[in-house]
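Thanks for making the time this morning. I would like to walk through the side-chain contacts of one model, so please have the structure open while I talk.

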Amino acid sequence: MKEIPVTFKSHGKQIVGMLHLPSRKNAPLIIMCHGWTGNKQGVYNAFFVKAARNFSKNGFATLRFDFRGSCDSEGRWKDQTTTTMLEDLDNVIDQISKYPEINKEKIGLIGHSQGGRVVLLHTAKDKRIESLVTWAARTDLSYFWSKAWLESARRKERVIEDFEITKKWISDDMKYNVEKTVQKIKVPILVIHGDTDYTVPDSEAYRIYKNANKPKKLQIVKGLNHDFSGEKIQKEVIKITLNWFKKWLK
């Protein structure tokens, strides 16, 4: 197995990632998409790194990368929106598909939190994707904040945990309806969520699953929080995800 630093271009900005390659040739590819305020490490405990190495050990090429404005990629975080994340993912897939080690006919996506929202929106319009997994994904802002809060935020910048939520970000995000979009997805979907996730409640997982087409699976993991804390739970999530891709991506 090898771990190779890689870069891509998206709207003139450099996207930085890490490609985990198995020993096999022409390997199926899993692309991991981080969430809001996250990066290619995943969350504070570097769960993406652990998962990517496990997937690679089991024969899957795995790419984790920073969206524009996050961590090592170019751009400003305050300019990042759902639309820019979708653009970045599309450009990354275009460019990684040209790598000779990759089987471009076998591409799967994983998205955590906001990244889960992004992979759902992307898969609905990209026929290259064969399967996807969401980890603690969210659907639409209207389920998190009241209409009055959102209307106020459209007029005035908000700050949550030191991260600025711009009017542009909110207006852009509300252009997308994940529930309706999920109904258009025709590939196998695995929805993983924790019953102790207090950032994105598990009602979001049920909402995604309800609107998804078959084949689909909903896995509510007992004791799993939004940051995927705990070695035992991490191993469980990795195992469930890996088994899904072994079934639908190989």
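I will start with how the values were obtained, then take a histidine, the salt bridges, the aromatic rings and finally the nonpolar cores.

This is a predicted model, in which local features need pLDDT of at least 70 and side-chain atom pairs count only at pLDDT 80 or more, while totals for chains, interfaces and linings use all residues. Residues are numbered from 1 along each chain as its sequence is written, and side-chain values use heavy atoms, with hydrogens and water left out.

Let me begin with H226, which lies in the loop between β10 (216–221) and α8 (231–248); helices here are DSSP runs of H or I with at least four residues, strands are runs of E with at least two, and both are numbered from the N terminus. H226 has 10% relative accessibility and therefore counts as buried, where buried means under 20% relative accessible area, exposed means over 50%, and partly exposed is in between, with a 1.4 Å probe and protein chains only. Which side chains make polar contacts with the side chain of H226? One is the side chain of S113, at 3.0 Å, and another is that of D197, at 2.7 Å. A polar contact, to be explicit, is a pair of N or O atoms within 3.5 Å; within protein, one must be able to donate a hydrogen and the other to accept it, and residues adjacent in sequence count only if both atoms are side-chain atoms. Leaving aside residues up to four places away in sequence, H226 touches H112, S113, A136, D197, T199 and V200, contact being heavy atoms within 4.5 Å.

Turning to charges, a salt bridge is taken as a side-chain nitrogen of Lys or Arg within 4 Å of a carboxyl oxygen of Asp or Glu, and by this rule the count comes to 15. One of them joins D72 and K40, with the closest N and O atoms 2.6 Å apart. That pair links distant parts of the chain, since D72 is in the loop between β4 (61–65) and α2 (82–96) and K40 is in the loop between β3 (27–33) and α1 (47–57), 32 residues apart. Is each partner buried or partly exposed? D72, at 46% relative accessibility, counts as partly exposed, whereas K40 is buried at 6%.

A further salt bridge is formed by D173 and R138, whose closest N and O atoms are 2.7 Å apart. D173 lies in helix α5 (residues 167–173) and R138 in the loop between β6 (129–135) and α4 (147–155), so this pair ties together parts that are 35 residues apart in sequence. Here both D173 and R138 are buried. There is also a network of salt bridges linking D90, D94, D126 and R128.

Now the rings. The structure holds 10 aromatic pairs, counted when rings of Phe, Tyr and Trp (its six-membered ring) have centres within 6.5 Å, with planes under 30 degrees apart called stacked, over 60 edge-to-face, and the rest tilted. How are the rings of F60 and F245 arranged? Their centres are 6.4 Å apart and their planes are at 55°, so the pair is tilted. F60 sits in the loop between α1 and β4 and F245 in helix α8, 185 residues apart. The relative accessible area is 0% for F60, and F245 is likewise buried at 0%. Elsewhere, ring pairs link F47, F48, W135 and F228 into a cluster.

Two members of that cluster bring us to α1, where F47, F48, V49, A51, A52, F55 and S56 are buried. What covers the buried residues of α1 includes β2 (13–21), β3, β4, β5 (102–112), β6 and α8. After α1 comes G59, whose phi is positive, near 100°.

Last, the cores: a nonpolar core is a set of buried Ala, Val, Leu, Ile, Met, Phe, Trp, Tyr and Cys residues joined through side-chain atoms within 4.5 Å. The largest has 38 residues, and those with the most contacts inside it are I31, L63, F65 and L89. Its largest share, 6 residues, comes from α2. A second, separate core of 26 residues includes F60, W135, I192 and I238. As general background, nonpolar side chains tend to be buried together in soluble globular proteins.
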